[in-house]
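These notebook entries record what I looked up in one structure. I went through sheets, hairpins and helix packing in turn.

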Amino acid sequence: MSSRQLRIPGHRPISRSGDQDRPSSGGSQSRRFSKLSVYEAPQRPLRIPGRRPIERPATRERLYANAASSRSSTSITRKTADPRLGPTARCVSQAVRPRTASSASKSAIADCILAREASLRRLRQIADAHAEGSRLFSEVQRELIDTLLRLRQLSLEVTEGIESWRAGGLSGSGIWLDPVGENNYLLKMKEDTRWLSDSPLGEIMAFSARSDPFFVVPSARDAQIVADMGANLSLAPSNQMTATLRTTGQGPSSDDYKVVLPLTSSLLRRIRKAELVILRDSVQARVEHNSAAFAVPVVDATTPANRVGSTCTWQGPEVMADRGSASTLSSPSITTTTSKVNLGKKQSKLLATCTGVFEEVLGHVRTSVELAETFWPNLEARKRPPRPATPSGPVRLEPVRTAAASVRAVYEEYVARAQQQLVSSLEPWSVLEASLNDRSPCALEWFWLFRAGHTLSMNRPEGLTVFRLKKMSTNIGQLLHLSVTDMRIFEDAIAAVKAWMFTFLPIRSIRVTLWHTMRDGELQLDKEVEHFYKRCRFRWFQLTNHNGMRGQVLNGPRFAAPECEDGPDPVLYAELPCIEICIGQVWMRGAKHPSAIGSRRGSCASNSALAATCLHHFRTKDLSETRRLADIANASAREAAREGLIQGLLSGSLDALLVKSKPMILREDADSLEALNSPAKVAAYLARSMEANRLVMPGILCEGSCNGVELLTRGMGSSGYADAAAGLGVENLHAVIRATEPEETAFGRLFVTYDWQSVTVVDGGFEVPVHVTGQCLDHPHPIFYVATSEESTFVVIIPWEGARAQLPSDEAAVLESVRILRATKPVDVQPYGALFMESVDVRHVAKVVEIEDAAALSMPDGKALQVAEFSSLSITPGREMPGCLPREDSETCIFTVKRPFGFGLWHAAIDDLNVPLAFSFVV
């Protein structure tokens with residue numbers, strides 16, 4: 001009987017020496033077989049417990065289609081795959097080696113693209129199945145995760161394959177055309193998954209509304225959840241307020257998080273490289289498209305980009321010619337021309353050096369005196385977008401002025417006059433009543449509807465609408481109730497409500513659920529009501545079931561001018577968070593010219609958590625280098641010890657050797673919180689704690705590079721962070737980096753936005769309820785903890801009026817906050833129920849501090865250490881909500897927060913560190 005050997009990776013086939021001369025049974029080409037009857041295992045996807053292989057049921061038992069062609073040496077005849085089934089899916093848990101320049105062939109790239117397109121179609125099918133409710137939620141969730149993981153892997157292979165194909169020198173123009181649209185396929189990848197944020201799948205996973213072809217955003221919270229779990233489960237809380245905060249129902253809960261995709265650090269590094277490839281193609285396409293109107297520099301490839309005095313040809317309109325007039329160095333020559341841009345094989349080098357060339361042309365190095373004059377300018381208040389004008393039309397909206405406690409009687413009186421087919425098709429009173437006490441930015445807004453020219457004082461309301469903002473993976477407006485007393489104005493009422501929501505809510509679409517009602521003895525959808533909504537550009541979105549009732553969800557997206565015939569929708573309203581904290585620190589180590597700029601001396605930066613993250617970056621790099629050198633130096637000793645243990649094991653004297661060995665205790669510097677009497681010690685303590693406990697600071701991102709200018713430019717690319725840091729003098733830091741020439745730079749960014757869990761706008765300010773109150777024995781005022789929209793984050797308010805004769809400095813503020821929070825104990829009776837506050841906008845311009853003692857930060861003494869820090873703090877009641885029902889006056893005692901006061905963030909993920917995530921004084 002014919003047999004074949006089992007091929008196991010890492011093991012040689014089993015054979016006997018006496019059987020090697022046994023001839024083969026067929027052909028002149030002899031083959032040697034073993035006498036063991038071992039059959040070759042079928043090539044099937046690897047099955048791992050807890051991870052279901054991705055493949056179609058019809059192909060689950062068939063072999064790989066390409067196995068026969070790739071393994072011509074075997075005598076097994078592979079089964080031919082049915083071409084209608086498409087390419088076989090590979091198990092996502094199997095490791096895939098990155099393609100190299102030699103292995104990236106055109107056929108392999110084409111196969112990956114076809115497989116990726118099949119995964120995209122499968123993703124559409126999953127979305128449709130979830131929208132129709134034809135499959136169980138658990139099945140949809142499991143298949144969605146599998147499909148996304150496979151799609152991410154295929155996208156990486158396509159990007160890396162195209163990049164390797166270009167590196168082979170046979171790429172021509174370097175553009176891989178989409179087989180369908182005849183466009184750059186990498187640009188298609190940039191946009192072909194953006195629909196997920198507005199799809200029903202957004203209820204399962206947090207997709208980004210922007211370009212995210214590798215699904216980094218759905219995986220972004222994975223590390224944060226792990227950090228929270230590690231902080232809350234493995235480490236005991238050290239803050240005395242922690243137990244009280246958790247018993248009151250505010251704390252991190254895993255049920256509040258959406259499903260996340262697993263993402264390893266090695267895969268993240270590949271994704272970053274692939275994103276840079278797509279970004280380069282996107283910039284190149286934009287340059288080609290706008291070459292007639294915008295300027296493109298033509299640089300000699302042999303001239304270094306960072307060399308002062310290099311020649312650059314500028315194409316397009318004139319640029320700021322007086323920008324570099326204050327420079328003491330010679331500026332590059334700029335020539336204006338209108339010749340056509342010739343984009344060829346040198347495009348990659350051109351685009352890679354554009355950033356450095358632009359910086360050399362537009363921002364030259366200034367002297368220390370000039371830097372001092374421009375580095376601390378007078379800051380203006382941050383400009384907020386003005387409130388849009390109220391939309392006009394045949395139907396207008398007027399807020400309901402009834403208190404929440406008595407709105408039911410008003411609602412029942414109106415419903416008796418309204419069209420019953422509208423009332424029965426929308427949400428019942430029980431749904432509206434359940435959200436009456438919500439005072440967050442997502443609270444219900446109630447509006448009466450009137451014909452133009454009518455008012456509440458003159459006429460009875462002719463309609464009612466109730467809606468709210470709903471924050472998901474993308475913000476939407478949820479229309480819960482819309483009814484009128486006369487069906488002739490119903491279409492105008494829908495248009496008026498839609499225009500109002502798109503004008504004053506930061507949403508991308510409006511969704512309304514039409515419930516089936518009993519008609520002709522069975523549950524049916526009111527087609528007349530549905531027809532009115534469809535005439536106002538609402539379309540079918542999904543089916544839903546709730547409490548035994550079936551409903552149809554309609555979605556009305558926001559249309560821009562080119563996409564609609566009857567006029568565009570209002571421009572997207574800028575979202576205004578209640579709390580916005582933006583802090584940036586640029587750490588420069590090993591500067592060649594540390595005295596080239598005017599800077600003051602200090603011990604550390606103001607924000608210790610952000611400073612610790614940047615120091616942790618330096619420590620990790622130094623530690624890896626130290627370990628590498630130690631491995632080289634101790635290689636001989638390690639090899640001798642290894643040989644001695646092996647000889648002892650072989651000779652039977654291993655036990656005697658182990659008895660002679662003595663254990664050693666590795667001691668680490670463990671500073672107690674009582675010994676942290678300086679900001680530098682606090683930062684160093686946090687950095688060591690991050691290294692020992694593998695903690696991840698929430699909301700903080702730190703990157704390092706030897707090219708500080710490029711690092712700063714890339715780090716400021718985020719739109720939200722760039723907007724918050726605008727006007728803080730960050731653009732001057734490019735000149736600082738060029739003047740000092742540091743060996744390495746670390747850029748740490750803390751950017752978080754929160755909403756109040758509950759807020760009430762009153763005359764002159766706003767009120768927020770107190771969640772927990774504490775008391776410090778040596779502080780005259782109570783310490784207030786206020787809940788935010790995030791379960792794991794609190795705002796800490798420390799009133800400071802009359803507390804000290806002089807406020808602590810920026811560096812000493814963290815020490816003072818740590819001392820007070822550690823000594824604060826919860827009170828038995830809450831003395832105040834709410835806080836009255838005014839809006840705050842505090843902005844600190846970028847300043848450079850030269851570290852006096854680098855050793856206190858566990859940094860080498862021989863290298864200069866400097867840090868530039870800037871910050872912005874905004875506290876507001878959020879967006880205006882005129883439709884929110886007024887609150888009845890209660891006997892709750894209100895504490896008025898007056899300046900100066902301390903404002904901090906307490907986060908559950910770093911509770912064991914017993915320090916605030918951010919803290920600053922508002923004066």
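The entries below are ordered by region, and the model I consulted is a predicted one.

**Entry 1. The open sheet**

I began with the strand order of the sheet. I found seven strands in an open sheet, ordered 4-5-6-7-8-12-11, with mixed pairing. I noted strand 4 (395–399) and strand 11 (539–546) as the edge strands, each of which pairs on one side only. The twist from one strand to the next averages 30°.

I then looked up individual pairings. Strand 7 (residues 475–484) and strand 8 (residues 509–515) run parallel and are joined by three bridges. Within this pair, I recorded Arg511 in strand 8 as the bridge partner of Gln478. On going from strand 8 to strand 12, I found an antiparallel pairing with seven bridges. Here Thr513 stands opposite Val553 of strand 12.

The pairing of strand 11 with strand 12 is antiparallel and also has seven bridges. I noted Arg550 in strand 12 as the bridge partner of Asn545. These two strands form a hairpin with two residues between them, and Asn547 in that turn has a positive phi of about 55°.

**Entry 2. Helices lying on the sheet**

Which strands does helix 14 lie across? I found strand 7, strand 8, strand 11 and strand 12, with helix 14 running at about 170° to strand 8. I also checked helix 2 (residues 106–132), which lies across strand 11 and strand 12 (549–557). Helix 2 runs at about 50° to strand 11.

**Entry 3. Helix 13 against helix 14**

For helix pairs I looked up two quantities, because two packed helices are described by the angle between their axes and the distance between the axes. The axes of helix 13 (residues 490–504) and helix 14 (residues 527–535) cross at roughly 45° and come within 9 Å. Helix 13 is therefore oblique to helix 14. I recorded the crossing of helix 13 past helix 14 as right-handed.

Next I listed the residues in contact. Helix 13 contributes Phe490, Glu491 and Ile494, which meet Val529, Phe532, Tyr533 and Arg535 of helix 14. By class, I noted five nonpolar residues, two charged ones and no polar ones in this contact.

**Entry 4. Helix 19 against helix 21**

I applied the lookup to helix 19 (residues 708–715) and helix 21 (residues 733–740), which pack at an angle of about 160° with axes 9 Å apart. Is helix 19 roughly parallel or roughly antiparallel to helix 21? An angle over 145 degrees counts as roughly antiparallel, so helix 19 is roughly antiparallel to helix 21. Helix 19 passes helix 21 in a right-handed crossing.

On the helix 19 side I found Gly708, Val709, Leu712 and Thr713 in the contact, and on the helix 21 side Leu733, His734, Ile737 and Arg738. I recorded the classes of these residues as four nonpolar, three polar and one charged.

I then looked up burial along helix 21. Eight of its eight residues are buried, so helix 21 is largely enclosed by the rest of the structure. The buried residues include Ala735, Val736, Ala739 and Thr740, and His734 and Arg738 are among them as well. Just after helix 21, I noted a positive phi of about 55° at Glu741.

**Entry 5. Strand 21 and its partners**

My last lookup concerned strand 21 (residues 793–799), where seven of seven residues are buried. In a regular strand the side chains alternate between the two faces of the sheet, so I checked which residues point each way. Thr793, Val795, Ile797 and Pro799 point one way from strand 21, whereas Phe794, Val796 and Ile798 point the other way. I noted that the residues pointing either way are all buried.

I looked up the pairing of strand 21 next. Strand 20 (residues 783–787) runs antiparallel to strand 21 and is joined to it by four bridges. Ile797 of strand 21 is the bridge partner of Phe784. I recorded strand 20 and strand 21 as a hairpin with five residues between them.

Strand 21 also pairs with strand 27 (residues 901–907), in the antiparallel sense and over seven bridges. In that pairing, I found Thr793 opposite His907 of strand 27.

Notes
Residues numbered from 1 in each chain as written. Predicted model: local features only at pLDDT ≥ 70, side-chain atom pairs only at ≥ 80, totals over all residues. Heavy atoms only, no water. Axes fitted to C-alpha atoms, helices over the stretch in contact; angles between N-to-C directions. Parallel < 35°, antiparallel > 145°, perpendicular 65-115°, else oblique. Left-handed = near helix turned anticlockwise from the far one by under 90°. Contact = heavy atoms within 4.5 Å. Nonpolar A, V, L, I, M, F, W, Y, C, P; charged D, E, K, R; others polar. Buried < 20%, exposed > 50% of the residue type's maximum accessible area, 1.4 Å probe, protein only. Pairing = 2+ DSSP bridges.
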